[in-house]
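Subject: A structure for you to explore

Hi there,

Here is the structure I promised to send you. Have a look at it first, and then read on for what I found.

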Amino acid sequence: MKLWQKIGIVVAVIIATTLVIYPNIVIDTGDRLLVCNYTGDFSGYDENHSYNEVYCYNEKYDVSIRTFDVSNFLFFHVISMEYIEGDVRETEFILEESYIAHFLENAEITDNSNNIDLAKLIEGKEAVVGNKRYLGNDYTNGIFYKLDGRYEEMYIFYVDDLLVIQVGSPDELPKFIAYK
């Protein structure tokens, strides 16, 4: 047997052994995780769901995964997972006080049928910013507006002694801020 044949056999054995011993290959592209495995199973990544189950938090990589796509490449299943950095569950309901200030200065109101004066409602109150979903909105006090090129909706309601502002549709992961 010639030397190049021996080298070819050794390389083939090393590759085969590596594929048997290490069946999961993970590549992080910066906005996607690519996982190559034999089974196509991504259940280990489909855990720790956000409230609306749009994101799955993976502790090992500290990313919140939003899409899963499985395809085949040779004898591997390639799972492509789009993600954003960090744990979305920690901030999924937070509406920052700066957003309200930006709204008051720059929003183009398209509908405010109850003539709500948000500036007067929050005047002298302290913001309570937290990752909390407030329930109890009857959706009767709404302001519809355009801000930074996006059309949005805002609802104002009370929960106990808190004035609550909800930005976004109830179906699309709204954000909340309260004032006391």
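Before we start, one term: a residue counts as buried when its relative accessible area is under 20%, judged with a 1.4 Å probe and protein chains only. By that cut-off Cys56 is buried, since its relative accessible area is 4%. Cys36 counts as buried too, with a relative accessibility of 14%. Please keep in mind that this is a predicted model.

Are these two cysteines bonded or apart? The structure holds zero disulfides. Cys36 is in no disulfide, and the nearest cysteine sulfur to it, that of Cys56, is 20 Å away. Seen from the other side, the sulfur of Cys56 has its closest cysteine sulfur in Cys36, and 20 Å is too far for a bond.

Now for the whole chain. The protein chain has three helices and 11 strands. Following the sequence, you will meet them in the order α-β-β-β-β-β-α-β-α-β-β-β-β-β. The radius of gyration is 25 Å, while the globule rule gives 16 Å for 180 residues, so the chain is more spread out than a compact globule. Its C-alpha atoms fill a box of roughly 90 × 30 × 25 Å along the principal axes.

What share of the 180 residues is buried? The figure is 34%. The accessible surface comes to about 11,300 Å², and carbon and sulfur atoms hold 53% of it.

Lastly, the charges: there are 14 positive and 30 negative side chains, and the centres of these two sets are 8 Å apart.

Enjoy exploring!

Key: Residues are numbered from 1 along each chain as its sequence is written. This is a predicted model: local features need pLDDT of at least 70, side-chain atom pairs count only at pLDDT 80 or more; totals for chains, interfaces and linings use all residues. Side-chain values use heavy atoms; hydrogens and water are left out. Helices (H or I, at least four residues) and strands (E, at least two) are DSSP runs, numbered from the N terminus. The radius of gyration is taken over C-alpha atoms; the globule rule is 2.2 Å times the number of residues to the power 0.38. Buried means under 20% relative accessible area, exposed over 50%, partly exposed in between (1.4 Å probe, protein chains only). Accessible areas come from the Shrake-Rupley method with a 1.4 Å probe; for residues, only the protein chains shown count as cover. Lys and Arg count as positive and Asp and Glu as negative; His and the chain ends are not counted. The place of a charge is taken as NZ of Lys, CZ of Arg, CG of Asp or CD of Glu. A disulfide is a pair of cysteine sulfur atoms within 2.5 Å.
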